[in-house]
Amino acid sequence: MKDLKITDVRAVSGDASFLIDDGVTSVLYDTGFGFTGKEIADKVKMELGERKLDFVLLTHSHYDHVLGLPHVLKFYPDAKVIAGEYAEKIFKKPSAIALMRDLDRKFANTCGVKEYEDLADELRVDITVKDGDDVKCGDMTFKAINLPGHTRCSVGFYLEENKLLLATETLGVYFGNNTYLPFFLVGFEMTLDSFKKAKDLKAERILLPHYGVVEKDEAKAYLENSERVARETVDIIKDLLIKGKSSEEILLHLKEKYYTSTVVPTYPIDAFNLNTSIIIEVVKRELM
């Protein structure tokens with residue numbers, strides 16, 4: 001087992017970007033917002049010094065995970081970008097890029113950032129992976145694990161030698177303070193299947209994209225608690241639908257329950273409203 005250094009290179013709350021380094025090969029796990037991309041690139045450069053960035057692993061195609069990529073690639077144009085096949089297709093859709101750009105600008109304004117270089121049209125993928133593919137990054141060999149549920153393109157990466165899982169938001173998001181939120185935007189049953197796949201790995205370390213590393217008993221507890229909250233959320237939505245509540249009323253109820261002071265600094269309100277509305281529609285379509 002190689003010693004790994006995992007460095008948080010996020011620039012603001014809500015970002016998603018961590019540098020994984022075995023001393024020879026460096027891998028960036030997600031790249032954060034577009035408006036923080038330059039700062040994330042600066043942090044990576046400060047950490048690596050004269051060394052190059054070798055690989056970028058993208059878990060899925062959402063703006064808070066990928067729009068920093070072109071800024072990083074301005075520093076490290078030779079870094080190989082690895083993502084699922086479906087994510088590559090998303091990057092080629094003008095409508096998807098437009099939505100990412102809009103959400104990025106809204107949160108940038110919330111953070112007081114009015115001007116930044118917009119490089120959204122320069123997203124790229126060099127190597128696409130399918131479920132079960134081995135991803136060789138120097139002496140580190142990750143296995144691509146499809147974990148759909150948050151998006152169809154959600155891919156985790158498992159480094160078996162270190163029992164380290166690079167997770168996706170299909171497995172929920174942890175905000176600290178015993179606060180978990182579900183993020184299944186395309187399917188609930190597939191999300192449950194993804195939880196089972198993740199549990200079967202028996203990972204001893206899980207790197208959560210918006211939080212950091214949880215280890216050993218904490219890693220096991222994370223998966224249990226996150227799945228529990230996802231199931232509880234579904235039960236709440238189903239109960240309110242049965243009682244005749246509208247989608248708007250259910251959104252308000254979930255906002256009052258889940259959009260707490262622990263969540264607010266990390267989760268933009270526009271994104272919360274959009275994602276929760278989608279979750280409600282998933283429950284309507286799939287479980288009612």
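**Entry 1: isoleucine 237**

I began with isoleucine 237, which lies in helix H7, in what is a predicted model. I looked up its burial and found a relative accessible area of 0%, so I put isoleucine 237 down as buried. Setting aside residues up to four places away in sequence, I listed what isoleucine 237 touches, and the list reads Ile250, Leu254, Ile279, Ile280 and Val283. I then took one C-alpha distance from this residue, to aspartate 54, and noted 44 Å in space for a pair that stands 183 residues apart in sequence.

**Entry 2: glutamate 227**

I stayed in helix H7, which covers residues 217-242, and went to glutamate 227. Is glutamate 227 buried or exposed? Its relative accessibility is 10%, and because buried means under 20%, I entered glutamate 227 as buried. Apart from residues up to four places away in sequence, glutamate 227 touches Leu192, Phe195 and Lys199. For the C-alpha distance I chose leucine 53, which is 174 residues from glutamate 227 in sequence and 34 Å from it in space.

**Entry 3: threonine 191**

I moved to helix H6, residues 189-201, where threonine 191 has its place. Threonine 191 has a relative accessible area of 1% and is therefore buried. Which backbone oxygen lies 2.6 Å from a polar atom of the threonine 191 side chain? I traced it to glycine 187. When I left aside the neighbours within four places in sequence, I found threonine 191 in contact with Pro148, Gly149, His150, Thr170 and Phe184.

**Entry 4: glutamate 169**

His150 is also on the contact list of glutamate 169, which I looked up next; beyond the neighbours within four places in sequence, that list holds His60, His65, His150, Phe183, Pro209 and His210. Glutamate 169 sits in the loop between strand S10 (164-166) and S11, and with a relative accessible area of 3% this loop residue is buried. With which side chains does the side chain of glutamate 169 make polar contacts? I recorded one with the side chain of histidine 60, at 3.3 Å, and one with the side chain of histidine 65, at 2.4 Å. I also checked histidine 210, whose C-alpha atom is separated by 8.7 Å from that of glutamate 169, the two residues being 41 apart along the chain.

**Entry 5: positive phi values**

I then turned to backbone angles. Aspartate 30 is not a glycine, although its phi is positive at about 65°; I placed this residue in the loop between strand S3 (26-29) and helix H1 (37-48). Its relative accessible area is 0%, so I noted aspartate 30 as buried. Asparagine 177, again a residue other than glycine, has a positive phi near 55°, and I found it in the loop between strand S11 (173-174) and strand S12 (180-181). Is asparagine 177 buried or exposed? The relative accessibility of asparagine 177 is 62%, and because the cut-off for exposed is over 50%, I entered asparagine 177 as exposed.

**Entry 6: alanine 271**

I looked up one residue of helix H9 (residues 269-287), namely alanine 271. At 7% relative accessibility alanine 271 counts as buried. Its C-alpha atom is 9.6 Å from that of lysine 106 in space, while alanine 271 and lysine 106 are 165 residues apart in sequence.

**Entry 7: the whole chain**

I closed with the chain as a whole, for which I counted 9 helices and 14 strands. How does the radius of gyration stand beside that of a compact globule? I found 18 Å for the chain, and because a compact globule of 288 residues would have a value near 19 Å, I noted that the chain agrees with it. Along the principal axes, the C-alpha trace spans about 60 × 45 × 35 Å. Of the 288 residues, 54% are buried. I next took the contacts between residues at least 6 apart in sequence and found that 67% of them join residues at least 24 apart. The chain exposes about 12,900 Å², of which carbon and sulfur atoms supply 49%. Last, I compared the mean positions of the 39 positive and 48 negative charges, and these two points are 2 Å apart.

Technical notes
Residues are numbered from 1 along each chain as its sequence is written. This is a predicted model: local features need pLDDT of at least 70, side-chain atom pairs count only at pLDDT 80 or more; totals for chains, interfaces and linings use all residues. Side-chain values use heavy atoms; hydrogens and water are left out. Helices (H or I, at least four residues) and strands (E, at least two) are DSSP runs, numbered from the N terminus. Buried means under 20% relative accessible area, exposed over 50%, partly exposed in between (1.4 Å probe, protein chains only). A polar contact is a pair of N or O atoms within 3.5 Å; within protein, one must be able to donate a hydrogen and the other to accept it, and residues adjacent in sequence count only if both atoms are side-chain atoms. Contact means heavy atoms within 4.5 Å. The radius of gyration is taken over C-alpha atoms; the globule rule is 2.2 Å times the number of residues to the power 0.38. Accessible areas come from the Shrake-Rupley method with a 1.4 Å probe; for residues, only the protein chains shown count as cover. Lys and Arg count as positive and Asp and Glu as negative; His and the chain ends are not counted. The place of a charge is taken as NZ of Lys, CZ of Arg, CG of Asp or CD of Glu.
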